[in-house]
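Okay, everyone, thanks for coming. Let me put the sequence and the structure up on the screen, and then I'll walk you through what caught my eye.

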Amino acid sequence: MTTLLLPVAGGGTRAYTPRAEPARLTAGGPPLTSRTVFSAAHVVADPFADVSPDGPAAVDWDATLAFRRHLWSHGLGVAEAMDTAQRGMGLDWQGAAELIRRSAGEAKAAGGRIACGVGTDQLSVPATLPQVVRAYEEQLALVEEAGAQVILMASRALAAAAASPDDYLETYGHLLRQASEPVILHWLGPMFDPALEGYWGSADLDAATETFLAVIAAHPDKVDGIKVSLLDAGREVALRRRLPRGVRCYTGDDFHYPELIAGDDHGFSHALLGIFDPLGPLAAEAVRMLDTGDVTAFRGLLDPTVELSRHLFQAPTRYYKTGVVFLAWLAGHQTHFSMVGGLQSARSLPHLARAYELADGLGLFPDPPLAAARMRALLTVHGVPR
């Protein structure tokens, strides 16, 4: 394999020799049994559409749905129209609604598990609480009509409109009473979206946790689980130990997921993770090791991936989507590195080069020479010498 000159932070380049062969990963396999695992999946932009960054997203539906079939083929569930799909960062509600309809139909055909994000992004801020409720209701109805499980997402509009924890209790209580099946409640921290600072009525996370738990305690039969994205493993463990019996914790912690999924003597977390977009096949194989009771093999597969995940999700964390789509391009899941909203420009060339190096070292690319050739093309465009 020809050596590449990769740019490094601070200037200059260093030589890197890509691996010649991919790591061995089982194609497909039996259903996962010990954990419920969702991959929050990205969308593929249409690179030939004449659109502006602030206009409606142009999506390549064939490539987008093909990537979901790839995840289902490995036994993973798909968390659709979530943060990873650039919800509110390039993908508006109309685009998300179309994505939900198409993916839910594809899930039925493929026999794949799917859960879809329900939010309020058809609103502009400021909005009133009744407007927030109506927006949630509209999206809830669409997802249920599509036949997908509901993920009640954190709402920028609710964060702006709520005056107290009681506003959250009333809003979520109303929505849970309306839901026809148990939902997943989503707590997304401000590192993923600064507009969600103070969610659940307080910037004090201990106080916010009490409100969150009060919502669940009032409607345990309507809550399948919670998805926590605070990047704080200790807080997640403490929270999951306080959940009512039968309510699951789905980790959204892209920094500590191996230990949280493995669990301890008091329980474990299931998973709903953006990092399981690029790690899909490897993550599925790791969980199958856990299905046999082999925690050591599970950790042996997943622990080495944490460095890549922490790199992709480094601050500003909300731009992790750029690295996710970049790796999908290098892995051959799409023919280009373009993103809705022009978000391919959100990370630096040294950042992307390090992501390539870490992913290549893990053997994530099915065709390492293709990944190296695409990396070289990107370097050439940016003026890096051969």
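So, aromatics. This is a predicted model, and there are 18 aromatic pairs in it. Here's one to look at: Trp 187 and Phe 212 meet edge-to-face, with 5.2 Å from centre to centre and 65° between the planes. Which parts of the chain does that pair tie together? Trp 187 belongs to strand S7, residues 183-188, and Phe 212 to helix H6, residues 205-218, so the contact links parts 25 residues apart in sequence. Both Trp 187 and Phe 212 are buried. They also belong to a cluster linked by ring pairs, together with Tyr 136, Tyr 168, Tyr 172, Tyr 199 and Trp 200. And while we're on rings, have a look at Arg 35: its charged end sits over the ring of Phe 268, 3.5 Å from the ring centre.

Okay, on to the barrel. Eight strands close it, and going round you read S3-S4-S5-S6-S7-S8-S9-S10, with parallel pairing. From one strand to the next the twist averages 25°. As a reminder, strands of a sheet pair through backbone hydrogen bonds, either parallel or antiparallel. Take S8 and S9 as an example: S8 covers residues 223-229, S9 covers 248-251, and four bridges join these parallel strands. If you want one spot to click on, Ile 226 has Cys 249 in S9 as its bridge partner. Then there's helix H3, residues 129-146, which lies across S5 (114-118) and S6 (149-152) and runs at about 165° to S5.

Now the packing. The largest nonpolar core has 120 residues. Which of them have the most contacts inside it? Those are Leu 185, Tyr 199, Phe 276, Phe 326 and Tyr 356. Helix H13, residues 349-362, gives this core its largest share, eight residues. Let's stay with Tyr 356 for a second. Leaving out residues up to four places away in sequence, Tyr 356 touches Leu 4, Leu 6, Tyr 16 and Pro 18, then Phe 326 and Leu 330, and finally Phe 365, Ala 371, Ala 372 and Met 375. There's a second, separate core as well, with 10 residues, among them Phe 38, Ala 79, Met 153 and Leu 272.

Last bit: backbone oddities. Most residues other than glycine have a negative phi, and most peptide bonds are trans. With that in mind, check the step from Ala 315 to Pro 316: the peptide bond is cis, with omega near -5°. Pro 316 lies in the loop between helices H11 (306-312) and H12 (320-330).

Then there's the loop that runs from strand S4 (77-80) to helix H2 (93-110), and that's where you find Ala 81. Ala 81 isn't a glycine, yet its phi is positive, about 55°. Gln 86 is in the loop between S4 and H2 too, and again it's a non-glycine with a positive phi, here about 65°. Are these two buried or exposed? Ala 81 is buried, at a relative accessible area of 0%, and Gln 86 also counts as buried, at 1%.

For contrast, flip over to Ala 20, in the loop between strand S2 (13-16) and strand S3 (37-40). Ala 20 has 48% relative accessibility, so it counts as partly exposed. That's my tour, so grab the mouse if you want to look around.

Notes
Residues are numbered from 1 along each chain as its sequence is written. This is a predicted model: local features need pLDDT of at least 70, side-chain atom pairs count only at pLDDT 80 or more; totals for chains, interfaces and linings use all residues. Side-chain values use heavy atoms; hydrogens and water are left out. Two strands pair if DSSP finds at least two bridges between them. Helices (H or I, at least four residues) and strands (E, at least two) are DSSP runs, numbered from the N terminus. Axes are lines fitted to C-alpha atoms, for helices over the stretch in contact, and angles run from 0 to 180 degrees between N-to-C directions. Contact means heavy atoms within 4.5 Å. A nonpolar core is a set of buried Ala, Val, Leu, Ile, Met, Phe, Trp, Tyr and Cys residues joined through side-chain atoms within 4.5 Å. Buried means under 20% relative accessible area, exposed over 50%, partly exposed in between (1.4 Å probe, protein chains only). Rings of Phe, Tyr and Trp (its six-membered ring) pair if their centres lie within 6.5 Å; planes under 30 degrees apart count as stacked, over 60 as edge-to-face and the rest as tilted. A charge sits over a ring if NZ of Lys or CZ of Arg is within 6 Å of the ring centre and within 35 degrees of the ring normal.
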